Amino acid sequence: MFTRSFHSIFKVQLAIVSILVLLISAPVRLFSEPYGMAGCGLGSMVPVWKNDIGQVLAATTNGSLSSQTFGITSGTSNCTTDGIVRADRAQEVFITYNEVPLEIETTRGNGERIQAIASLLGCPTHSNELGKLMKEKHTFIFDHSKDSESSVRSKIILSRLKAKIAEDSELKQACLY
């Protein structure tokens with residue numbers, strides 16, 4: 001008799017503790033990010049990589065393909081829940097990874113990277129005007145006389161570009177930069 005009542009009391013206590021654990025952990029799981037320790041990026045989107053070994057593979061994928069950097073910049077690949085990234089940081093990262101092709105397109109005055117930087121600067125409908133401005137001011141914007149590391153160089157290019165936009169009456173009004 002004692003054993004039977006002990007087991008029933010134990011089962012009730014176990015049920016109560018289980019319910020409490022579920023209630024306490026549910027909000028944490030609701031607000032947790034959809035990725036593991038490897039962080040966001042392309043590797044986080046492979047469902048079978050949720051274990052420890054999978055997280056190593058996810059981190060390797062994110063690092064080798066730069067998908068984490070792209071995801072953070074663009075708000076994709078599980079990197080942000082709302083897609084909001086500081087605009088100036090997104091612009092710098094874009095220029096860092098696209099400097100050479102952007103410089104080539106700038107000599108022509110048009111191209112998809114000019115359209116992309118126009119979008120990042122907040123004036124996607126004025127990419128043609130931005131392309132013309134960048135073509136005219138190419139030597140100033142992409143001045144190679146003081147070469148430095150790419151992260152600093154992208155800031156310099158971006159600040160020169162924004163300075164020239166500020167001097168242009170139409171782009172100054174159109175771009176939100």
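These legends go with a set of close-ups of a predicted model.

**View 1. How confident the prediction is along the chain.** Across the chain the mean pLDDT is 76, and 56% of the residues reach at least 70. Which elements sit at the two ends of the confidence scale? Helix H1, residues 2-31, has the lowest mean pLDDT, at 60, while H6 has the highest, at 96. Over residues 25-32 the pLDDT drops below 50, and that stretch makes just one contact beyond its near neighbours in sequence. Where pLDDT is low, the predicted coordinates should not be read in detail.

**View 2. The largest nonpolar core and the helices that build it.** This core has 20 residues, and the ones touching the most other members are Ile117, Leu121, Leu130, Met134, Leu161 and Ile165. Two or more residues come from each of H4 (87-108), H5 (112-120), H6 (127-136), H8 (150-167) and H9 (169-174). Which helix gives the most? That's H8, with four residues.

**View 3. Zooming in on Met134.** Here's one of those well-connected core residues, shown with its partners from beyond four places in sequence. Met134 is in contact with Leu102, Thr106, Ile114, Ile117, Ile141, Phe142 and Leu161. Ile117 and Leu161 also turn up in the list of core residues that touch the most other members.

**View 4. Arg160, a buried charge without a salt bridge.** Arg160 sits in helix H8. Arg160 is buried, yet no salt bridge is found for it. How far away is the nearest side chain of opposite charge? It belongs to Asp143 and lies 4.1 Å away, and the cut-off for a salt bridge is 4 Å, so this pair doesn't count as one. Asp143 is still in contact with Arg160, as are Phe140, Ile141 and Phe142, once neighbours within four places in sequence are set aside.

**View 5. The disulfide between Cys123 and Cys175.** The chain has one disulfide, and this is the pair that makes it, with the sulfur atoms of Cys123 and Cys175 2.1 Å apart. The link ties together distant parts of the chain: Cys123 is in the loop between H5 and H6, Cys175 is in the segment after H9, and 52 residues separate them. With 70° about the S-S bond, the link is right-handed. Are these two cysteines buried or exposed? Both Cys123 and Cys175 are buried.

**View 6. Glu99 reaching across to Arg153.** The model has five salt bridges, and in this one the closest N and O atoms of Glu99 and Arg153 are 2.4 Å apart. The pair connects distant parts of the chain, with Glu99 in helix H4 and Arg153 in helix H8, 54 residues apart. Glu99 counts as buried because its relative accessibility is 13%, and Arg153 is buried too, with a relative accessible area of 6%.

**View 7. A salt bridge within H4, between Glu92 and Arg89.** Glu92 and Arg89 pair up at 3.3 Å, N to O. Both lie in helix H4, three residues apart, or about one turn of the helix. Glu92 counts as buried at 12% relative accessibility, whereas Arg89 is partly exposed, with a relative accessible area of 45%.

**View 8. The network around Arg113.** Glu105 and Arg113 form a salt bridge, their closest N and O atoms 3.2 Å apart. Salt bridges with shared partners join Glu105, Glu112 and Arg113 into one network. Glu105 is buried at a relative accessible area of 5%, while Arg113 is partly exposed at 23%.

Note on methods. Residues are numbered from 1 along each chain as its sequence is written. This is a predicted model: local features need pLDDT of at least 70, side-chain atom pairs count only at pLDDT 80 or more; totals for chains, interfaces and linings use all residues. Side-chain values use heavy atoms; hydrogens and water are left out. A nonpolar core is a set of buried Ala, Val, Leu, Ile, Met, Phe, Trp, Tyr and Cys residues joined through side-chain atoms within 4.5 Å. Buried means under 20% relative accessible area, exposed over 50%, partly exposed in between (1.4 Å probe, protein chains only). Contact means heavy atoms within 4.5 Å. Lys and Arg count as positive and Asp and Glu as negative; His and the chain ends are not counted. pLDDT is the predictor's confidence in each residue, from 0 to 100. A disulfide is a pair of cysteine sulfur atoms within 2.5 Å.
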